[in-house]
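Thanks for making time this morning. Please bring up the structure on your own screens, and I will talk you through a few local features in turn.

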Amino acid sequence: MVSKNAGMKPSRFYIERQVTRALTPTGGFLEKFAFSLNPYIGCAFGDNGGCPFCYVRMLPVAQTMPGAWGTWVVAKINLPQLLEVELKALEASGKLQDSAVFMSSATDPYQGYERLLKLTHAALEQFVRRSPRRLVLQTRSPLVERDADILRALRDRLIVSLTLETDDERVRRALTPTSPSVARRLLTARRLREAGLFVQLAIAPMLPNRPERFARLAAEAADRVVVDTYAGDGAGGQRSQKLGMEELYRRKLGIGGALNAGAETPLIAAMRARLGPHRVLIGKDGFNMT
Ligand code: SF4
């Protein structure tokens, strides 16, 4: 079924598609995870181009549809049913208890379309019935709060990873103007933490920030942070270079140094001082602390 716009933001396409598998064996950057789970392909965050640093647009998955990254979303409409079958098989083989699942690696599982389709919600219900050793649910959307009850049922195995690239609302507005505000994402983090969930802030990729302030806000809102730079783009920063982040910093923020080595040092120092070293994870190793 193809639904143009479907009552969502204009000039975007929303498409429903049957797929043949739910869980995707993973590795690489997510080396400690057995599987990733992406209920959607594509992404409607960002303004007809997605987040400017989003290197997923350079991956084969972004060629699934014509049109620029950020203008379309494909919903895997039969994903919950497939997931049920696959989790049953993993359980029967004895592998489920050892598996870690990352949801989602190539999109955000709380696309606006999720309000209508509830694919992520249905997938979470399957994980309640058959739980892996660890589930990491990563999103930038406050819509995750809708699922607080079901997330509570998973809390012994769950890390909610909320993407927050900066504490500076001016930077957020300049670079990711259609993503939820800094304050709104911090509110989501606090609410989920108050609900008893383990909450991680994924500062990835780190954007220009005010280290002391960011550390204070993070300490109040999250159980831990993971800080990653453009080096975490899967190609040592080359993808971010090709995406023109240096030029974007100059044009939108009037500064350079997007790809400078060591740009993260002040933030990591401030975070460690405020949260304690054990609550501050770094880069690929940090994302794989499951
Ligand atoms: S929300 Fe995530 S997947 Fe979507 S454009 Fe931004 S970085 Fe890419």
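Leu186, Ala189, Arg190 and Arg193 of helix 6 meet Leu217, Ala219, Glu220 and Ala221 of helix 7, where contact means heavy atoms within 4.5 Å, and where helices (H or I, at least four residues) and strands (E, at least two) are DSSP runs numbered from the N terminus. Please keep in mind that this is a predicted model, in which local features need pLDDT of at least 70 and side-chain atom pairs count only at pLDDT 80 or more, while totals for chains, interfaces and linings use all residues. Residues are numbered from 1 along each chain as its sequence is written, and side-chain values use heavy atoms, with hydrogens and water left out.

By class, this contact of helix 6 with helix 7 has 5 nonpolar, no polar and 3 charged residues; here Ala, Val, Leu, Ile, Met, Phe, Trp, Tyr, Cys and Pro count as nonpolar, Asp, Glu, Lys and Arg as charged, and the others, Gly among them, as polar. The axes of helix 6 (residues 182–194) and helix 7 (residues 211–221) come within 8 Å and cross at roughly 30°, the axes being lines fitted to C-alpha atoms over the stretch in contact, with angles running from 0 to 180 degrees between N-to-C directions. The two helices, 6 and 7, are therefore roughly parallel to each other, a term used for angles under 35 degrees.

Staying with helix 7, the loop between strand 10 (199–203) and that helix holds proline 205, and the peptide bond leading to proline 205 from alanine 204 is cis, with omega near -10°. A cis peptide bond also joins methionine 103 to serine 104, with omega near 15°, and serine 104 is placed in the loop between strand 7 (100–103) and helix 2 (114–117).

Technical notes. Parallel < 35°, antiparallel > 145°, perpendicular 65-115°, else oblique.
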